[in-house]
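Visitor: I would like to learn how to read a few features of a protein model. Where do we start?

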Amino acid sequence: MAETTYAATIAATLAAAMRADERVVVLGEDVALGGPYLTTKGLAEEFGTARVVNTPISEAAICGVAIGAAQSGLRPVVEIMFIDFIGLALDQLVNGAAKAHFMSGGQLDVPMVLRTQGGAGQRGAAQHSQSLESWLTHVPGLKVVVPSSAREVAALLPSAIADPNPVVVVESKTLYFRHETLPDEGVSPEPLGRARVVRRGDDVTIVATSKMVNEAIEAAAHLSEHGVEAEVIDPRTLVPLDLPTIAASVARTGRLVVAHEAVQHGGFGAEIAAEVQEACFYDLDAPIVRVGAPFTPVPLSPPLEDAYVPGAAEILDAVRRVLG
Amino acid sequence: MAGGAAGDPGSGGGLDAAVAERLLETMWRIRAFEERLEPLKRSSMVLGLTHLSIGQEAVAAGVCTQLRDDEPVYSNHRANGHALAKGVDMGRLLAELMGRAEGCCRGLGGSMHVVDVAHGFLGATGVVGGNLPFAVGSALAGRLLGQDRPAVVFFGDGAAQTGIFAETLNLASLWQVPVVLVCENNGFAEFTPRSAHTRVERVSDLAAPFRVPAATVDGNDVAQVHAAFAHALALARAGSGPFLLECLTHRLSGHYVGDPGGYRAAVEDEAWRARDPIERLVRQAAAAGWFDAERSRAAEAAARDEVEAAVAFAASSPFPDLGLPAELTYAR
Ligand SMILES: Cc1ncc(C[n+]2csc(CCOP(=O)(O)OP(=O)(O)O)c2C)c(N)n1
């Protein structure tokens with residue numbers, strides 16, 4: 001088993017993709033220097049600055065350049081340093097990348113990856129802590145991947161790069177430096193759109209995304225001590241969503257908690273809850289309960305931020321509610 | 001380089017008879033097509049916002065006829081002329097504007113989203129300014145993939161006020177990518193004159209701070225456009241950095257078919273009619289001995305015939321299957 005981190009796995013996965021395919025290029029602010037989270041560390045040294053391109057602070061144009069490059073044969077991986085800045089690139093992503101294949105009647109492909117990261121808990125305050133992935137899930141033509149661990153990065157990032165569509169990978173800054181062990185033989189790429197059952201259980205289903213997967217595992221361990229076996233499912237990609245895996249689980253357990261770090265109101269949990277109740281209404285023994293952040297911007301002050309960010313305690317609370 | 005009083009035929013420099021005839025034919029094809037679009041739009045055969053470029057044909061013709069199929073063009077919302085001059089089939093273009101299955105985008109895109117990859121027409125854009133960085137990305141790809149081909153992007157003077165214009169100009173200059181940015185400065189953004197949107201007189205004035213070479217030409221003189229673009233294209237093909245070519249022109253029709261139009265009382269259409277790019281080329285051709293007015297009438301007649309054939313083709317094309325949107329939302 002090899003010791004690694006989420007951030008190091010991103011760099012290693014990008015390096016492997018660049019070695020395997022000359023068309024893969026990396027663009028973003030300070031990427032040639034490794035970036036603030038070292039997710040592109042070592043790439044410029046190995047591949048040169050023609051393929052690991054530092055950009056000025058021009059989020060919209062960087063995204064547009066990636067679109068044009070993708071339409072002309074490259075496989076760009078563009079980094080938007082914080083998802084909080086995605087608004088600047090959103091027109092390019094939504095009106096350019098997401099629709100080009102469709103509007104051209106299938107003539108154009110945009111095989112690009114936009115990597116970005118969100119998440120609170122590091123005293124980043126309201127403009128450097130958001131979880132805005134649900135904005136992107138509302139746009140047909142985009143795929144949205146939310147890796148919850150180094151293992152998932154290794155499994156999904158290669159598939160995102162190989163995908164002929166624009167794929168947004170929303171990483172979690174709070175996971176970047178957690179230590180993980182991966183098998184020595186490596187992790188094989190896995191297709192986008194398949195959920196992973198992280199833990200088996202028959203009493204309640206917890207669907208959790210990104211850093212909330214770890215929180216759900218922690219909550220499940222606690223529940224197990226009290227005789228409740230929770231099934232934990234990580235959708236891994238929000239678009240496309242693997243509803244069959246989730247629905248099959250809920251059909252068995254009859255109870256569902258959906259947990260994400262994003263603001264609960266209008267978050268992706270609402271979509272999962274709605275789809276599950278349509279698919280499993282008669283299997284449900286209790287209303288679906290969502291766990292998410294309160295409907296306020298992320299506060300700076302430590303006690304306030306700690307109270308703001310949902311975690312295992314909130315998941316436990318939600319499970320108690322669905323168990324009645 | 002700007003100038004040319006009303007009616008001044010210009011020098012015609014750089015053209016020869018064969019090139020001049022090609023430009024003439026191209027301009028007539030655009031003119032005839034768009035004059036026919038107007039009634040088709042009013043009768044709802046043609047769908048959506050329809051932006052005509054009547055009066056601006058010299059820019060599309062002077063630029064696009066010099067490009068190879070592997071040299072991509074990105075266009076804006078006023079795209080018909082660029083598309084036709086770049087080689088998009090007229091029938092398939094019209095079918096697209098009518099939302100038909102045989103449209104070049106299978107009826108999913110329409111006038112602001114025309115794409116024809118085979119001819120290097122990578123597309124119109126409905127979001128003003130949004131197309132600018134695509135060309136830089138395409139040129140960057142060309143360089144990294146070892147293809148010696150530049151990319152070209154058309155934009156209006158209104159797009160120069162977007163933030164992404166400045167970002168794009170800076171990136172193109174910083175990376176020295178071979179991209180030619182062609183501005184059609186028609187003095188208006190929708191219903192508002194340029195003077196109400198900026199104190200910068202010429203779009204080309206914006207290039208110097210980014211150390212991008214630029215030129216401003218009379219965009220109604222196809223010979224000037226052709227010569228200036230030939231210069232920019234030669235540089236770009238040789239692998240030099242970006243070039244901004246500003247073409248001063250005027251649209252003789254509304255912003256879109258059926259626009260309120262009141263603002264146009266302020267516009268000196270008559271003075272510009274005297275500078276009609278087609279008539280000007282005909283006068284130049286007569287002076288240079290390339291061809292006479294009869295040749296122009298023949299080109300017009302051929303263009304109008306082509307348009308009628310396109311109308312017949314497009315009108316008989318079926319609407320797409322209802323399953324098409326779901327099929328094409330994602331590439332497989
Ligand atoms: C981002 C954006 N804002 C506003 C519009 C609405 N709009 C369409 S065309 C246009 C004027 C564009 O002017 P210019 O770029 O000079 O091109 P022209 O229409 O004169 O050819 C506007 C404001 C738009 N399509 N996109």
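Guide: We start with a strand, and with the direction of its side chains. In β11(A), the residues A:Ala230, A:Val232 and A:Asp234 point one way, A:Glu231 and A:Ile233 point the other way, and all are buried. Bear in mind that this is a predicted model.

Visitor: How many residues of strand β11 in chain A are buried?

Guide: Burial is read from relative accessible area, with the cut-off at under 20%. Strand β11, residues 230–234 of chain A, has 5 of its 5 residues buried and is mostly covered.

Visitor: Which strands are joined to β11(A), and do they run parallel or antiparallel?

Guide: Pairing is read from bridges. Strand β9 (residues 196–199) of chain A is joined to β11(A) by 3 bridges and runs antiparallel to it. On that pairing, A:Val232 in β11(A) has A:Arg199 opposite. Strand β10 (residues 204–208) of chain A is joined to β11(A) by 4 bridges, and these two run parallel. Here A:Thr205 has A:Glu231 of β11(A) as its bridge partner.

Visitor: Which side chains of strand β8 in chain A are buried, and which are not?

Guide: The two faces of a strand can be read separately. In β8 (residues 179–182) of chain A the side chains alternate. A:Glu180 and A:Leu182 point to one face and are buried, whereas A:His179 and A:Thr181 point to the other and are not. β8(A) also pairs with strand β1 (residues 2–5) of chain A, in the antiparallel sense and over 4 bridges. Within this pair, A:Thr181 is the bridge partner of A:Glu3.

Visitor: Next, single residues. Is A:Gln92 buried or exposed?

Guide: Read the accessibility, then the neighbours. A:Gln92 sits in helix α4 (residues 86–97) of chain A. A:Gln92 counts as buried because its relative accessibility is 2%. Leaving out residues up to four places away in sequence, A:Gln92 touches residues of chain A, including A:Ala60, A:Cys63 and A:Ile67, and residues of chain B, among them B:Pro133, B:Phe134 and B:Ile164.

Visitor: What does B:Leu122 touch?

Guide: B:Leu122 belongs to strand β2 (residues 121–123) of chain B. Its relative accessible area is 9%, so B:Leu122 is buried. Apart from residues up to four places away in sequence, B:Leu122 touches A:Ser72 and A:Leu108 in chain A, and its contacts in chain B include B:Tyr74 and B:Val115. Sequence separation can be set beside distance too: B:Leu122 and B:Phe33 are 89 residues apart along the chain, and their C-alpha atoms are separated by 21 Å.

Visitor: Where is B:Pro320 found?

Guide: B:Pro320 is in the loop between α10 (293–316) and α11 (324–328) of chain B. With 22% relative accessibility, B:Pro320 counts as partly exposed. B:Pro320 and B:Cys105 are 215 residues apart in sequence, while their C-alpha atoms are 10 Å apart. Contacts of B:Pro320, not counting residues up to four places away in sequence, include B:Arg100 and B:Arg106.

Visitor: What is the radius of gyration of chain A?

Guide: The value is read against a rule for compact globules. Chain A has 19 Å, which agrees with the value near 20 Å for a compact globule, because the chain has 324 residues. The C-alpha trace of chain A spans about 60 × 45 × 40 Å along its principal axes. Chain A holds 12 helices and 14 strands, and buried residues make up 63% of its 324 residues.

How values were computed:
Residues numbered from 1 in each chain as written. Chains lettered and ligands numbered in written order. Predicted model: local features only at pLDDT ≥ 70, side-chain atom pairs only at ≥ 80, totals over all residues. Heavy atoms only, no water. Rg over C-alpha atoms; globule rule 2.2 N^0.38 Å. Buried < 20%, exposed > 50% of the residue type's maximum accessible area, 1.4 Å probe, protein only. Pairing = 2+ DSSP bridges. Contact = heavy atoms within 4.5 Å.
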